[in-house]
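Got your viewer open? Take this tour one selection at a time, and follow along at your own pace.

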Amino acid sequence: MQDVREAVRAEVKSAGEPLDVLASERFIRALYLLVGLAAIVLVFRHLQLSTQGVCCGDFDGYYHIKWSQLLWQRISSGHLTPPAFTWLPLTTLNPKDYVDHHLFFHILQIPFTWFGDLRMGAKVASIFYASLALFSCYWLIVRYRIRYPLCWLIALLACSAPFLYRLNMAKAPPVAIIFMVIGIYLLFEKKYVWLAPLTFLFVWTYSLFVTLLAATLVWTCVVAWSERRFEGRPLLWTWLVGFPLGMIVNPYFPKNIKLLIEHILMKARSGNFTTAVGTEWYPYESWYLLGSCFVAFVAMVVGYVAYNGQDRKRAARPLFFLIFSTLLMLASFRYRRFVEYWPPFAVLFAAFSLQPLFEGIKNAAARLPSSVMDELLPFLDRHEPPLSAQSKERERTRHWNESEVALIGFSLGVILYFIALQFYYDPHFIRRFNALLIEAIAGALIIVVGLSVYLFYRHWAKASAAAAVAVLCAILFFNIHETAKSIAEDRGPDYYEGGMQWIAENVQPGQMIFNTDWDDFPKMFYLDTTHAYASGLDPTYLLDQNAELSKLYVDITLGNEKDPGPLIRDRFGARYVFSDNEQVHDNFYNAAMDSGWFGKVYEDEECTVLRIRDEKGVPAPDEIEEASEDETQPTPPQQGEANTEPLEINEAPPQQ
């Protein structure tokens, strides 16, 4: 064994031009990072700009950017405390109990509120944080010298279509991924003390800070297994320092603790929810999840097969990703919102599990026992794996060979995608292709065959890797295409603008507006901050505050109450109803108009505004009524002017 140690020491010391090799390595790694960043930004820019509105699926992004603007207006006026949240007084988000559990995320969004167009600011913020989130995962691959980084970049981009879709939402999950990656890096580098401020900020950012707490617990168990000792510092700096400080040194303490407990009790259950919640809290259909996250599932299988725990110290990082990504995968089976976290960590699991195989083939030093490598550390750069006796040119050739696989695989993937696209749009095209199409396919096949022969001639392993990259590229292009098409179908930025403008100009500021859908609140809030609303952000907030009122709200909005006017007026303190024109509210609309209590004061293709009369009359005709003079504002509030002072509800409901 002593002879082996001396031989490796001599080999390391005699390696030709080590500083030049390191400089070349750093340049190539920087180039990898720049290429990766450019590709990631282009993908997310393309997806986000597929729609003019704030992406995607729901209106929450409008709420977040608007609240960030109000927060900045409060700070710029010299107040360090957040503004009072007066827009949902009937829920647990009333001015007395409101907690902003996205506070640091809203602070991070403040620079994007300085855009002239608040909507465009939200979209740019979404591109920025989504790109940074995926780039941070790619940075881990480059930082730890995982072989074939460009191939893993394509795998990260292609890992899941729902992942791409949900990461484009102008919400906090991309920032949560950034925190997770930073935390994993600190764990791997044993810089545990920095976990305290990281956890503190994560607690202020998003309630999914529990993922970082879980990661430290997993790492503690991994260290106990790999090094046969208990390492308590990760738990100390996260669970006992960062987490408590984040909760206590908080402008919303102790209300934030109550809200966290409510979230856990309401959402972390295996059965049905007490009330209907957002779709993100329900599971995907099994076959859809498998098909849309196919690359992530394959990455998990590859990681499980490739994982080797014989050398415990070297298996620590792959084991961490094995456990962590498995936990996220199981959570994705139950809640679709975790699909915005699990897929990239599945790819990282596969990358770190395969790395010992790559190094075992190419690097003889990698096969040395851990005890020998520990003695060699003083002779090596702490942050670089041991250099072999390869020349600088040999090292550059290795990097080129890895890039060659990605470039050829990408080219083949483009060809494969456009060929498959013809089948995708026209399954009968084989019977009807014309001469031009024949020439195009013939040319593509010649290129494919030529590249394949070249690769197999050079190296069969390269050919296999390039084929895998080609399949990944084809999947990536389909994911981008389908995700962009889905985003393009999203509702435009002027959705509800007509109805909310009518309310802003004709209803006295401070009055309650009864919105028939809780998930319409973010867009209503974005368009008009001069009124209060019945329910919003999550139906459990109304349920937790008043279960009886929450049940009544559901019954009214679904049309189960045949005479809803007095109930809305007396129990919710509202004289105006804002309803979308979706079919689910047809029964409510019919019951309201047949009751004789309502008159329609505004209607367009997207929404309807109803006014509750002072007295019950005959059923109103299906036409617009004029607003009464005492309810018309002579000087309506200007759009974009936020009312950050507590609203006084003119007709407050009785205390329940």
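Start by selecting Arg166, which sits in helix 7, residues 161-167. Keep in mind that what you're looking at is a predicted model. Is Arg166 buried or exposed? Its relative accessible area is 7%, and the cut-off for buried is under 20%, so Arg166 counts as buried. Now show the side chain of Glu340 too: the side chains of Arg166 and Glu340 are joined by a polar contact of 2.3 Å.

**Zoom out for a moment**

Colour the protein chain by secondary structure and you'll have 26 helices and five strands on screen. The chain has 656 residues, and 54% of them are buried. Look at contacts in the chain with a separation of 6 or more: residues 24 or more positions apart account for 76% of those.

**Two helices side by side**

Next, select helix 9 (residues 195-205) and helix 10 (residues 210-227). Their axes come within 9 Å and cross at roughly 150°. Angles over 145 degrees count as roughly antiparallel, so helix 9 is roughly antiparallel to helix 10. Which residues of helix 9 meet helix 10? Pick out Leu195, Leu198, Thr199 and Phe202; across from them, in helix 10, are Thr211, Leu212, Leu213 and Thr216. Sort the residues in this contact by class and you get five nonpolar, three polar and no charged ones.

**Just past helix 10**

Move along to Arg229, in the loop between helix 10 and helix 11 (233-248). Arg229 has 34% relative accessibility, so this residue counts as partly exposed. Which side chains does the side chain of Arg229 make polar contacts with? One is the side chain of Glu227, at 2.7 Å. Another is the side chain of Glu231, at 3.0 Å. Setting aside neighbours within four places in sequence, you'll also find Arg229 in contact with Lys190, Val223 and Ala224.

**Ring hunting**

Show the aromatic side chains now. How many aromatic pairs does the structure hold? There are 50. For one of them, select Tyr284 and Tyr288: the ring centres are 5.3 Å apart, with 40° between the planes, and the pair is tilted. Tyr284 counts as buried, at 14% relative accessibility, while Tyr288 is partly exposed, at 44%.

Then try Tyr553 and Phe572. Their ring centres are 6.2 Å apart and their planes are at 55°, so this pair is tilted as well. Tyr553 is in helix 24 (residues 547-557), and Phe572 is in the loop between helix 25 (564-571) and strand 3 (574-580), so the pair links distant parts of the chain, 19 residues apart. Both Tyr553 and Phe572 are buried.

One more stop for rings: select Tyr63, Trp67, Phe85, Trp87, Tyr98, Tyr252, Phe521, Phe525 and Tyr533 together. Ring pairs link these residues into a cluster.

**A covered helix**

Go to helix 21, residues 497-506. Which of its residues are buried? Gly499, Met500, Trp502, Ile503, Ala504 and Asn506 are. Now bring back the surroundings to see what covers these buried residues: strand 1 (512-515), helix 22 (521-527) and strand 2 (532-533) are included, along with strand 3, strand 4 (598-603) and strand 5 (607-612).

**Two last buried stops**

Select Gln48, in helix 2, residues 18-48. Gln48 has 0% relative accessibility, so it counts as buried. Who is in contact with Gln48, leaving aside neighbours within four places in sequence? Turn on Gly53, Cys55, Lys123, Ser126, Ile127 and Asn168 to see.

Finish at Ser131, in helix 5, residues 118-143. Ser131 is buried too, at 3% relative accessibility. Add Val41 to your selection: Ser131 and Val41 are 90 residues apart along the chain, yet their C-alpha atoms are separated by 5.5 Å. Not counting residues up to four places away in sequence, Ser131 touches Ile40, Val41 and Phe44.

Definitions and conventions. Residues numbered from 1 in each chain as written. Predicted model: local features only at pLDDT ≥ 70, side-chain atom pairs only at ≥ 80, totals over all residues. Heavy atoms only, no water. Helix = DSSP H or I, 4+ residues; strand = E, 2+ residues; numbered from the N terminus. Buried < 20%, exposed > 50% of the residue type's maximum accessible area, 1.4 Å probe, protein only. Polar contact = N/O pair within 3.5 Å; in protein donor to acceptor, adjacent residues only side chain to side chain. Axes fitted to C-alpha atoms, helices over the stretch in contact; angles between N-to-C directions. Parallel < 35°, antiparallel > 145°, perpendicular 65-115°, else oblique. Contact = heavy atoms within 4.5 Å. Nonpolar A, V, L, I, M, F, W, Y, C, P; charged D, E, K, R; others polar. Phe/Tyr/Trp six-rings, centres within 6.5 Å; stacked < 30°, edge-to-face > 60°.
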